[in-house]
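Q: Please take a close look at one hairpin in this structure, and then describe the surroundings to which it leads. I am new to this structure and would value a connected account.

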Amino acid sequence: MSDTIVNVTGLNVSFGPVHVLKDVSARLDRSETLGVVGESGSGKSTLAKAMVGLVKASSGEVWVDGLEVVEASRRELAHYHRRVQMIPQDPFSSLSPRQTIGQTLAEAIDPGRARVGRHQDRIAEWLERVGLEPGMMHRYPHEFSGGQRQRIAIARGLILEPSVVIADEITSALDVSVQAQILELLAELRQSLGLTMVFISHNLAVVQRVSDQVLVLYRGQVVEAGPAERIYQAPQHWYTRALLDADPGSPGFTLD
Amino acid sequence: MADATPDTKRRFAWNGTLICGLVMGAIILLTGLIAPFFLTEPATALGGGSSLGSVPGHPLGTDSLGRDMLARTLVATRLTVVMALGATAIAGAAGIALGIAVWLAPRKVRELGLRGIEFAVSYPTLLVAIMVAAILGKGTVTVVIAIGVANTAGFARLTANLAAGLSQRDYVTTARLIGVPRVRLATRHILPNMAEPMLILVAQAFAGALVEISGLSFVGLGSQSPSFDYGTLLRDALGKLMINPVLVVGPAMALVFASLAALFIGDGLAAAANPRSIGKRGRLRRVGQVPDAASEPPVLTATGVTVRHAATGRVLVEDVSFEIARGEILGIVGESGSGKSLTAAVVSRLVPEGIEAEATRLALGRTDLLGRVSQRELATRIGLVYQDPGTSLNPALTLGSQFGDVLTHHRGLSRKQARQVLVDGFAAVLLPDPAGRLRQHPHELSGGMKQRAMIASAMSTQPDLLIADEPTTALDVTVQREVLAIIKRLNRQAGTAVLFISHDIGVVRRLCDRVLVMREGRVVERIADPAAMTPDNVTHPYTAQLLAATPTVAIGGRAAAPAGGTAAAQAAAEVAP
């Protein structure tokens with residue numbers, strides 16, 4: 001028996017007349033990473049939001065870490081949000097500009113009071129884990145580069161040692177060399193912490209670097225899902241192949 | 001950390017208006033503070049010559065009880081300013097509290113509250129103040145409360161609107177998700193981030209309150225004898241306008257001076273908060289002399305392009321030189337802050353505000369771009385395509401009318417001819433139904449279609465040079481490939497030289513004939529054969545680093561591409577929306 005921690009079945013989400021997710025199913029085992037790939041409008045961010053209960057599903061089930069999110073009560077969701085964390089895309093708008101980094105991290109530990117002093121050791125430890133210096137906890141977001149801010153956002157997402165982390169396009173606002181560093185950091189953390197992650201991206205190559213399982217979304221539907229190796233070596237669906245061929249580094253890429 | 005350099009904190013943009021306002025404000029405050037100590041005696045003592053005009057010793061005259069008007073005006077400053085400050089404080093505190101309460105309230109209450117606030121804002125402030133004063137009775141305190149209440153709605157609306165905007169920010173969403181209580185959200189994440197616009201409103205509200213309080217005192221609702229403010233002084237003086245006109249001068253001048261001070265501070269703060277609004281125009285000039293080009297010059301020659309930030313003198317692009325021959329695609333690749341886009345902007349003579357650029361030579365064929373160039377020549381010989389097709393198109397105009405203008409203005413075509421050129425152009429970039437597109441507005445097209453339409457428009461003047469600045473960055477990979485293929489095809493067919501700017505070395509190596517790698521404003525490497533470059537055969541370590549950092553899909557055995565039709569055609573066939 002595998003240890004399934006995310007199990008989405010028959011998920012449908014509509015915004016008014018627009019059917020954003022159609023009969024989407026997904027599974028993820030503990031300590032693995034599920035890469036969700038798709039282009040704009042494919043519904044990949046909606047899937048992430050549905051997993052944390054930020055959008056209302058019209059039908060289907062979303063089981064994450066023992067909770068059925070679609071039918072969950074407010075109180076259940078409040079507890080759930082301490083076990084399942086989301087790391088947002090844009091490092092420039094994800095940190096409160098008038099709070100020090102220490103305060104932001106303390107708030108993740110203790111949302112009601114956020115006392116830095118009490119949690120100082122833990123904050124320092126996590127800043128080191130994401131490759132920053134503990135002394136930086138007294139600084140404000142504007143003193144950091146985009147890559148450093150994304151490291152802080154990652155620390156905030158992981159500091160409670162959640163059972164699942166949902167990363168929504170967390171490298172797409174970064175320069176390539178910074179992106180490479182962040183991907184390396186994620187690989188390290190996956191190794192050392194046994195992270196379970198849903199990694200959402202439009203970039204197939206980035207997804208390949210971090211994922212065990214891959215799910216390809218196209219216009220709100222899953223067109224292909226399976227082990228990463230199988231998807232990249234032997235894509236079955238024409239859309240997956242079209243995506244692969246559109247990557248400038250792929251052998252199938254032509255401009256003629 | 002090897003990450004990009006941290007962006008420096010935005011500097012406070014001091015400006016003349018603000019300084020002027022602050023100096024005036026300081027004079028008023030000082031007067032209000034000091035005048036009552038020294039001038040209360042002449043301002044209130046009876047006797048002496050009554051109803052004097054402007055005479056030595058009494059430059060602004062004396063009133064009917066023989067009190068010096070200059071002294072009275074200066075002494076009145078304290079009461080007037082204190083009243084206006086009080087009213088502003090009441091309006092600010094009550095308005096911000098109300099706005100936050102509305103934001104915190106459950107959805108239905110919030111919507112009702114917002115409607116209420118909108119309604120209150122649309123009601124004239126002075127009218128509300130008069131009603132409140134009428135209910136509470138005459139007096140200094142009454143007027144302060146009345147004006148405070150009347151201005152509350154403005155603060156409440158700003159607060160509620162700002163809170164609604166801020167609560168869409170990722171940091172608020174994230175904080176909410178991890179369970180930060182709503183009250184803490186308001187006090188820690190919402191309120192502190194409103195400071196700038198709030199300060200501006202405070203200054204404006206103060207100016208308003210000053211005038212309104214004086215107005216109420218003027219009609220007799222405000223301060224009552226023996227206390228006096230600008231309004232009461234003005235009333236007394238106006239009563240004797242025919243007999244002793246000089247009495248009006250003191251209070252009228254003081255009122256104008258005080259409200260101007262507050263307005264200057266408000267406008268100055270607004271300008272300081274938005275430094276772009278006071279930026280200097282960009283400049284482009286020639287330095288040094290170089291001999292004229294050979295008999296057949298390349299399409300573009302750029303020598304010694306240097307760009308500085310005008311205010312700080314920081315060098316953003318340093319001594320960049322390159323040429324582009326006919327039929328060639330030159331790529332400039334670099335990360336954010338490398339100066340690649342500024343270089344492209346200078347070449348097209350679109351130097352951004354606050355930027356100074358210079359070059360020893362900048363020529364488009366035989367035309368010297370550092371000298372006088374007609375707008376027509378620039379518009380027809382250089383085509384521009386930008387990153388975000390969503391913002392570079394005018395949403396209010398049809399494609400036909402906004403793209404047709406260049407052709408009718410600069411190429412002197414008739415409307416009918418222009419239409420035909422555009423239809424042909426749209427067909428060349430593979431837009432379905434080219435003729436129908438002319439009547440469409442930008443929002444009716446997808447991002448990829450908009451970018452293709454932009455390229456068609458840029459090519460419609462048959463330019464010698466196409467400058468494309470990150471034209472595919474906002475697009476999906478499948479669409480990116482189509483757009484790149486179109487650029488390449490137009491380049492091969494028409495021989496148009498292309499300057500292609502990108503952060504993606506993976507894209508550049510597949511499209512360009514030659515590539516410049518830029519870093520921190522300098523060209524660190526020139527690559528003659530981009531298709532063949534690998535991390536091992538490039539010379540500069542930064543290029544190797546860029547190549548290594550660019551993620552590339554690793555593919556082994558490949559499945560055959562589907563037979564017949566493009567991806568888009570299959571998409572339509574397989575998944576009907």
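A: Strands β11(B) and β12(B) form a hairpin with two residues between them, and in the turn B:Glu520 has a positive phi of about 50 degrees. The model is a predicted one, in which local features need pLDDT of at least 70 and side-chain atom pairs count only at pLDDT 80 or more, while totals for chains, interfaces and linings use all residues. Residues are numbered from 1 along each chain as its sequence is written, and chains are lettered from A and ligands numbered from 1 in the order in which they are written. Helices (H or I, at least four residues) and strands (E, at least two) are DSSP runs, numbered from the N terminus.

Within the hairpin, β11(B) and strand β12 (residues 522-527) of chain B pair in the antiparallel sense over five bridges; two strands pair if DSSP finds at least two bridges between them. One position in this pairing is B:Val515, which stands opposite B:Ile527 in β12(B). Strand β11 (residues 514-519) of chain B is largely enclosed by the rest of the structure, because five of its six residues are buried. A residue is buried if 20 or more other C-beta atoms lie within 10 Å of its own, exposed if 12 or fewer, and partly exposed in between, with C-beta atoms placed from the backbone.

The hairpin strand β11(B) also has a parallel partner: strand β4 (residues 329-333) of chain B pairs with β11(B) over four bridges. Here B:Val515 appears again, as the bridge partner of B:Gly331. Another match is B:Leu330, which stands opposite B:Arg514 in β11(B).

How many residues of β4(B) are buried? The strand is mostly covered, with five of five buried. In a regular strand the side chains alternate between the two faces of the sheet. In β4(B), B:Ile329, B:Gly331 and B:Val333 point one way, B:Leu330 and B:Ile332 point the other way, and all are buried. A further pairing of β4(B) is with strand β10 (residues 497-502) of chain B, in the parallel sense over five bridges; there the bridge partner of B:Ile332 is B:Ile501.

A helix of chain B can be described in similar terms. Helix α11 (residues 340-347) of chain B is largely enclosed by the rest of the structure, because eight of its eight residues are buried. The buried residues in α11(B) are B:Lys340, B:Ser341, B:Leu342, B:Thr343, B:Ala344, B:Ala345, B:Val346 and B:Val347. Just after α11(B), B:Arg349 takes a positive phi of about 60 degrees.

On a wider scale, the domain assignment of chain B, of automatic or database origin, gives domain 1 (16-47 + 65-277) and domain 2 (283-550). The C-alpha centres of these domains of chain B lie 51 Å apart.

Chain B also meets chain A. The contact takes 57 residues from chain B and 63 residues from chain A, where two residues are in contact if their C-beta atoms, placed from the backbone, lie within 7 Å. The elements of chain B that give two or more residues to the side touching chain A are α6 (170-177), α7 (182-190), α17 (477-494), α18 (505-511), α19 (541-549) and α20 (567-574). The largest share of that side, seven residues, comes from α17(B).

Chain A has an open sheet of six strands with mixed pairing, in the order β6-β7-β8-β3-β9-β10. Its edge strands are β6 (84-87) and β10 (221-227) of chain A, each of which pairs on one side only. Within this sheet, strand β7 (residues 164-168) of chain A runs parallel to strand β8 (residues 197-201) of chain A, and four bridges join them. A:Ala167 stands opposite A:Phe199 in β8(A). Helix α5(A) packs on the sheet, touching β6 and β7 of chain A, and its direction makes about 170 degrees with that of β6(A). Axes are lines fitted to C-alpha atoms, for helices over the stretch in contact, and angles run from 0 to 180 degrees between N-to-C directions. Like the strand β4(B), the helix α5(A) is mostly covered, with 13 of its 13 residues buried.
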